[in-house]
Each structure stands twice: as structure tokens, then as C-alpha cells.
Amino acid sequence: MPATSKNNRDKGILSNIDWVTLFIFVVLVSMGWMSVCGASYNLDEGTKLLDFSARSGMQLVWIFSSFVLGAIILYIDDRLIESLSYIIYIAFMVLLFVTPMLAHDIKGSLSWIKIGGFSIQPAEFAKFATAICVAKVVSSFNLDLSRWRDLFISAFLVLLPMVLIVMQKETGSALVYFAFFFMFYREGMVGSILFAGAAAVFYFVVGIRYADVPLWDILPISSGEFFVLAAIHLFVAGMMWVYTSLRKPFFQTLCFGMIAYVLAVLYAKYLIPFNVCWVQWGVLAATIVYLFYLAVRERLWSYALISMFALGSIGFFYSVNYVLNDVLQAHQRTRIRVLLGLEDDPKGAGYNVIQAKIAIGSGGLKGKGFLNGTQTKLKYVPEQDTDFIFCTVGEEQGFIGAAVVLLLFLFFILRLIHLAERQPLRFGRVYGYCVMSIFLFHLFINVGMVLGLTPVIGIPLPFFSYGGSSLWGFTILLFVFLKIDSARFRLKK
Amino acid sequence: MEKEKKKYALGKRKYVLSGIACLIVFTYILRLFTLQLLSEDYKADADNNAFLKRILFPARGAITDRNGKLLVYNQPAYDIMVVMKEQEGVDTLDLCKTLNITPEWYKRRMSEIRDPWRNPGYSRYTQQLFMSQLSAEEFSTFSEKLFSYPGFYVQKRSVRQYSYPYAAHVLGDVGEVGPKDIEKDDYYNSGDYIGKLGIERQYEQQLRGEKGVEILLRDSRGRIKGRYQNGKFDEAPIPGKNLTLSLDVELQALGERLMTGKKGGIVAIEPSTGEILCMVSSPTYDPRMMVGRQRGENNRKLSQNVHKPLLNRAIMGQYPPGSTFKTTQALTFLQEGIVNTHTSYPCSEGFHFKGLTLKCHIHAAPIALVPSLATSCNSYYCWGLFQMFSNRQKYPTVQDAMTRWKDYMVSMGFGYRLGVDLPGEKRGMIPNAPYYDKAYRGSWNGLTVISISIGQGEVNATPLQIANLGATIANRGWFVTPHVVKDIQDEELNEEYTTRRYTMVDAQHYEHVVQGMRQAVLNGTCRAANTEAYEVCGKTGTAQNPHGKDHSAFMGFAPMNDPKIAICVYVENGIWGATYGVPIGSLLIEQYLTGGLSPESEEKAKIFENRHIITSDDASNK
């Protein structure tokens, strides 16, 4: 009886490919097409879904060409692609560099170049080039990303296209490259970098959002400040639990802090009102000093690092206000304030978000049905067939449809993690994580902005947003990984 | 070993990343849940965005008289609507010139529209009423230039039009709804019309119909993109119901003609049904004055007129009924057994007792019930009431007697609103025991209140109540609540207007009163009403008026044994009942029973038409 792997290889690409992922891909692309139909449907001209002058018809062309593209990729030897990694990367960096010079201005963006009758956006393909190159570098040199030097090398490969894309005035597309940090984390980057990033976002959002909300009526104590300082204290305690083995200092820090806060709040509320944050500063200062003392006494770096985290957190939080008010430009400030619900600006920056919420909210449980959405068809939502495509899903397919789409994406991403983990070679795993990270980041930002939870950053929803470049970009990204995955038995033998 | 451990730890990180993905997706699903399932606001916002709901106004019900003659109908008129958001940049001066309005008026109107207190449903995005009821000619000049006034629209509406200049008080009118109406009933929006007076107000629910709606799709730039689902959710307006009034417009016309230059009211009732055949209040006005844009101006003029033409004296005027009231006393005394038909009372040019004197005119005495009605003897009724109120066998106290008396009056339709289907009816006044206890601090007797027996003193009644008294006598003891609407299209009349209400007096006693009223016509105070053609019964009233000349009243019905019409004519300051009341009443009876006036009667009518009591120029606004 022949070995299973040999048997698989003999059957060729069709039996080794991961049909589950392929199936989800086809389902998502089909649902995407329905959404584009709904979003671009023209009431004046009636139903012409298959007409190539309409966006629904064109999207069909992109979809079928992406299927062809995917099939071609599956028949290219993955080793060829791997060996061309550097060349692909360099070629795209050059292309990104020259794009702003060749591009014609589309709504202020310099990211489109014309080839023949079509406009393409090189930034959409650069993600693939970066992913394959980073995977190659990390696997070829067996980089240990927990070491700062190796992390910097990898990060450089990611930051280069970012800078080039920012020069095309496509800040949104550039931000996508932060997704690679998920992969870095999997490959050994110090977890606290990820945590510090999350903590920074938390300080920023909570601190600004609740800056002007008083803790209670009598005193103008900022609840934003109060909660951020309390969170810093909790994070410090949490880090002491995770990174050190001494339990007594942990309990001391936690209990001392909490008791001090509760007493301060009660005292200020029922006896003499005063700014409770003073007590928090005092407690945090004492904690930092205590941590340094522990670092010296126990000869443990961890304590010093934790105290530096606390100092950094406080510094970051208080500088955010300064940056927001004195560094950022007015329109950027407005965007942030609208996003955080501090400003109501139905005609300006908030218009998209409000209309998006109305479109989705009006969908109800079952939605209005295919092509029956009113908000999208009457063009109330700007960019409704590209960045705000999820509105159409929400309006026409309702909660059920939108939740199914999100769950499909979740399943898709979890499947990619599973595929990446089963790769025998580091190259495949790193590349797989790059692909997964990019999809996750797009999903996170795009759906989040439509739902009013993340800032309005103009990036497409994979497989849904109208456009050939993005669909082809995602197809290449995915199918190269499927090809690598299908070839894994060759090495397992 | 160390490296193994590290590798193992890194492998675990896939769970962290999976966890992050799950966290994101489930947070978003939760958010979707709150957006789509927990809040209805977004649905409403979406509808406001996408749907332009155009109201389709129903035709208001038409009103005809009892013979099918059209009284009130609809005529097309054009309202100019404005959408504030779109009208910026319009050449205001040019617009004012086209519409023939002043820029000041324009400015004032615009600020009125924006005022949320005056215009609670205001929105910058929807059509607001700018100017109402343009005539067809005004509309055509405006529509030629409409293209140069973005944000202005024309809405076709219908206004009320009246075939006859009569019955303004009964018909009433329609006008724009006020803020209170809008608050009370969410059927109305700013700029809608609502019945303001008379039938139009009383039967608003039936007349207005139901508004329809046409749902149009509007895109983000405000352009109309067709009908939503091809009109599947549109609702056609339901036209208002037509009303048939019990009024006879010919009779009404004659009544108003005869009351020219006089103040007072006439009510004629068909006794068997309680249907009001005519209801005149004088001075009156032409209902057509209350149509169109001049409505406000005319309304102001009328309400400032010293003779109060807007007051419907037939149901709002409260007058002493005078001698017409003696019939109620005769009936009460007979039913209570105070008198019988043979009982006679003395009268020596009046009632004299214990130093109290109440004058009467010269006639044969002593006098019995029937002739006392015919000659309208005051003494008879003073004696009757005195005997009743002094009868301690029957009534332990004078208060008990009073209460008994009051119950009789109330059963005959006095002292409370009758419940006519018109707004603003007054209840008149029938005093009761507590009233006198308070007024005289408990020290009073039959003599103190003696003047109530002849319809004077504290007693007050509306012409409607007096006419209704005529109807109860004609019916020998019952009446149907008087009403002006005879028939509502596809709807039953309120039971109130079809059921008999019996008085406390038996039918047999009514025969004597009928005889008394017949005698009054044959050889008593109402001789002028006598005719060979049919048997008229009548009773005059000359009500003392402390403010000026006495009021002239007449109450009667005909024919005696098959009554078709009961009537009350009340002319303020007309002095004797026989001076105005009887002749006007008899002319109206003739008109109704014979369908017209004989040449002699026509001559008589001309005389009364030109005999004026009030002389000021604005007495009549026709």
C-alpha cells in the first residue's frame, strides 16, 4: 500500500488543496457580488445586473478573472514563487516608488496608475509582495523575532512599503501593514509590545472619550482620567502577576491601590469634595517607587520594566491631550472627536458614519431583501459599493445575513491559522500568518468603521468591495498560500 | 530544554490570535445586534431619508338640505408650499410681485413657518404651507413662473364653497388647524383644514374622511426616483361622508329674510323626528365670507361687530321665555293636581296678594285654564304656583315643591343643554331650591319666586328650548332631541337623535294646553296666525327686559292634530309677542306647510323684512 502522501501527490493539486478555504472564498465572493449589485443598482435604469457598463456586471468580470488567476497560481510551482520573493518585493517597491509620479489624481489619492484601459492600484498587490518577502527573510535566516535586531530587520521590510504608500496619500492602505505585527507576535516578538499597543489604544479612546464627563455631578473630576489611571494601576498589578513569581508584592499593590481609591472616592463624595486623581497620582508614584525598590532588592529586571511601563503609560496618556489639541490639524481632530462620539457633525466627517448606521440599523432582523435596500440604492451612504459595502449587507440581508458574513470571515481566518500552523516549513507558516493577519486587519477596520467603532480609514472589505485591484490582490495573497499548503506533503514524506 | 519550552510557548500564541479574531467578530455581532434589533430609530431615520410621503387629501363630504339641495361643496384651490432647505437663493422681490404680497408679509410668513411654537411639525426638509387657497387665476400666473422659484411647490387642495348665503351659523366653516388641534389629534399637520364652527366642527370626523399617502423614493440629493415598490404601500384617500341636513333651505331663507334688521333667533322643528327645519340667528353673515384668504380678515371684522353676528342666538342666546312658559306651568299644575280644567282664579288687572301685585291686562275673570292660555292671564299662573308652593300636604317644605317643579321643567327640556348637534349650545336657567336658599338665605316662599310662573325672573331659555317645548306639546308629551343632521352617508344617526324623551306630564293633560293654544289663535293673543288652511296653535310671549324694550316671542305648531312644524320666534326688543313673533311665525308655518307664500303673505313678508329694530349699517354683513 503506497504512502498516503505519495498517493496525495499523485492525484495532483486537486486533492491536496484545502477545499474548505476554497469553498468559503467562493461563498464570500458570491455574497460580495450580491452586495455590489445592491449597492450599485440604478433605480432609473432598472435591472441590468449583468450589463458590463454597470458595476455589478464589471464586478462579475473581476470575479471570473480572479478565479482564472487563482487557478493559474495553483498550477505554478510554489518553489518558483518562493525563489522569486526578493525580486517580486524589489519590483513592487520600485513600482510603489514611481506610482505617485505616474498616477493621476483620483480624489486626492495618487495610488492609481493606468495600464491600457484599466486603472490598477499597486498598493493592493504590494501586500502580497511584502508578505512573501518577509516570509522568505524570516525563514531563510531563521530570524528570532524576540531579538530586537531580527525584529527590526523584519519590521523594516514592512515599514518600507508603508512609507511609500503614505507618499501616495493613501494613509489607510498604509495602516494595513501594521497587520504584520500579528505575525511577528506569532513568530516570537515580545508579547508586551502587542499589549502596550492595545493599552495605548485603550488610554487614548477612554481618556479622550470621557475627558469631559464628570465622575459625578458636584466636582469636575474627569472620569476619563480617573478610569485610565485606575486601569494603569490594574495593568501594573496584572503584569506583576504574569511576569514575576513573587505573590506578596502583587497582592500589596493591588489591595493597597484599590483600598486607597475606594476610600478617596467615598471621602470626596460624602465628606469633603476634592479631586480624586490626586490620590491616584500619589498611589501610582508610590507604586513606581516600590517597584524600583523591588527591582533593586530582588535583582529582577521585570520590576524595573513594569515600573517603566507605568511611567510610560502615564506619560502617554497626558501627552495624548497635548497632541490632540496642539499637534493634530483641525480636520484630523474633528474626525477623532466624531468617531468618539464627542461631536455631532451630520454633514461633515460624521455623515458617512451616521448614514452607514442608519442603513444597517434599518435592516432589522431579516433585512429588506436583495435589491430592496433603500438607503444604499438612493445613494445615502457614500462609497457604498467600495469601503462602505457592508452597509448593503446589513440593510438588505439584515442581522442574520450580516452575522453570517462575519461568522464566515471568522471561520475563514481561523481556518487560515489552522493551515498556517500545519505548515512543515517556517516559510509557509510565516506567509500563512501574513495572509491571515492582513484579512483580519481589513475585517477589523472596515467593518468597524461601518459600525462606527473604528476610525473611518478607507480600506476595502476583502471579497466584497467593488474593484479589480483589491479582489485580485486578495486572490493572489490567498491562492499562493493555498498552493504552498497543497504542497506540504512533498516535504513531510 | 529552554528552547523547547519557548517553542511550545510560541505555539500557544495561535490561541491568542484566534482569540483576538473571535473577540473582534463577536464584538461586531453584538454591535449589529444593538443597531439592528434594539433600536427602531434607525428604521425611522431611513424612512425619513428615503421616503417622501406625499399626503393625498380626501374630498370633504358635501352637505345638502332635507330636499337634496346642495348647500356646501368643494372647489379646487391651490396652496403654495415651501421647502426651507431648497428655497435659499430665490428672488424674493420677484416672488412677492408675482404673488401680489409685500416683502414684509413674506418675511413675517417665513418666520412664522420657522417658529416651532406656531408650527410644531416644522422641518427644513419637508413642504410647509406658505400661502393658502389661491384661486385658479392666481394659480395660473404663479405656475408660469414656478420654475424660477426652487423650493416652492403647488399643492392642489379643495376649499369649501356655499350655494346659498344662508345658514352660516349652522353650516359653520373650515380653517387652518391651530397648534392645539395638532397636539390633540395627530391626524392633523400644520396647514391642514379643520371644521371651526357649526356642522363643520361637530361632524369633522365624518366630513374629513381619511388622508391617503403616496410613498415616493427620494435619493440623497432630494430627487424623486419613482414610487416605492410601485405604489404597493400607497393608501388612497377615503372621501369624507356626505351629510344631509334636516334644514329646509327655502324656509331658512325666508326666516333670515324676515329677521333682517332684527336681533334674535328662530328655530323650527319637525315634532315627530326632532329634526330642525330652520335655525335662524340674526344678525347673520354670508358663509362665503369665511372662505379663502380673506377668511382671517372677515373673521376679525365679524367678531368685533357690536351686534355679535358670529353668536348663534338660536342656541346661545338665553332669554326669559315669558308667557310661552305658561304652557309648562299649566301642564305641571294639571299633572300635580293643583288645578283641574274647571279651576278658576280671580284676576283684577293682575295678581294681588299680601301687598304683592303682578299686573295683567283686562279680560273676563275669574278665569279657567284654557281661556287663561288664550288670553295669557298672569294671575292664573301666579295663583297656581302660589297654591302649589304653599301646599304643605303634598310638599312638606317649599324646597320640596320647588324641586318637584324644577324636575318638571327639566323633563320638558329646560335648564340643561338639549344636546343639539351643534357646538356651543347654552343650557338656559331653571332655578332650584338651593339656588333660592342661597339667594334669600333660606327665607322664601311661593310669593318670593312668583315671577318664574310666567317665564320671568330667574328663568332663562334658548329659542331652541322654546321651540322644543312647542314640539313636546305638539307631540302631547315627548320630544326627540333636536338635531340638524338628518342623514350621514353610510352611518347610522346617533341613537340620541332617534329616541323619544317623555316629559313627566301625561298625554291627556296636553290636550287642554293644546286647546288653550288653539284658542289663543282663534280668539286670543295669536289671532294674526289664524288661517283657514290648517289649524295653528300658538302662544305669545312678551318678556320683560330690564335692559331695554321687551322681547317679542312666539311659540306654536301646526297643524293641530297632525303637527308638521313647531316653531319659536324670538325677537329682541320686539315689544309684544303679537308685534313680531306671531306674524313671522305664521309666515314661516305657511311657507313650510304650503311650500310658498300667498301673494298677501308675500306683501306681509316684505313689510317685516323692511321693519328694522337695529339700524346701524353693519347690522347685516351680507
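A residue is called buried here when its relative accessible area is under 20%. By that criterion, in this predicted model, strand β19 of chain B, spanning residues 551-558, is mostly covered, with eight of its eight residues buried. The cover extends to both faces of β19(B). On one side B:H551, B:A553, B:M555 and B:F557 are buried, and on the other side so are B:S552, B:F554, B:G556 and B:A558.

A good place to start is the sheet around this strand. Strands of a sheet pair through backbone hydrogen bonds, in either a parallel or an antiparallel fashion. β19(B) belongs to an open sheet of five strands in chain B, ordered β12-β11-β20-β19-β18 and paired antiparallel. At the edges stand β12 (275-282) and β18 of chain B; each has a single partner strand, so one side of each lacks a neighbour in the sheet. From one strand to the next, the twist averages 5 degrees.

Within the sheet, β19(B) can be followed to its partners on either hand. Strand β18 of chain B (residues 537-543) runs antiparallel to β19(B) and is joined to it by seven bridges. Seven bridges also link β19(B) to the antiparallel strand β20 of chain B, residues 565-571. The residue B:A553 illustrates both pairings: B:G541 has B:A553 as its bridge partner in β19(B), while B:A553 in turn has B:Y570 as its bridge partner in β20(B). The next residue along, B:F554, stands opposite B:V569 of β20(B). The connection from β19(B) to β20(B) is a hairpin of six residues.

Two helices of chain B also lie across this sheet. Helix α18 (residues 463-475) of chain B lies across β11 (264-270), β12, β19 and β20 of that chain, at about 150 degrees to β20(B). Helix α19 of chain B, residues 507-523, lies across β18 and β19 of chain B and runs at about 80 degrees to β18(B). Both helices thus have β19(B) among the strands they cross.

Attention now turns to the meeting of the two chains. Here 53 residues of chain A contact 36 residues of chain B. About 3800 Å² is buried between chain A and chain B, with carbon and sulfur atoms giving 71% of that area. Zero salt bridges are found across this interface, whereas eight residue pairs are in polar contact. On the side of chain A that touches chain B, at least two residues come from each of α10 (180-186), α17 (350-361), α18 (374-377), α19 (389-421) and α20 (426-450) of chain A. The largest share of that side, 13 residues, is supplied by α19(A).

Methods: Residues are numbered from 1 along each chain as its sequence is written. Chains are lettered from A and ligands numbered from 1 in the order in which they are written. This is a predicted model: local features need pLDDT of at least 70, side-chain atom pairs count only at pLDDT 80 or more; totals for chains, interfaces and linings use all residues. Side-chain values use heavy atoms; hydrogens and water are left out. Buried means under 20% relative accessible area, exposed over 50%, partly exposed in between (1.4 Å probe, protein chains only). Helices (H or I, at least four residues) and strands (E, at least two) are DSSP runs, numbered from the N terminus. Two strands pair if DSSP finds at least two bridges between them. Axes are lines fitted to C-alpha atoms, for helices over the stretch in contact, and angles run from 0 to 180 degrees between N-to-C directions. Contact means heavy atoms within 4.5 Å. Buried area is the accessible area (1.4 Å probe) that two parts lose on being put together, summed over both. A salt bridge is a side-chain nitrogen of Lys or Arg within 4 Å of a carboxyl oxygen of Asp or Glu. A polar contact is a pair of N or O atoms within 3.5 Å; within protein, one must be able to donate a hydrogen and the other to accept it, and residues adjacent in sequence count only if both atoms are side-chain atoms.
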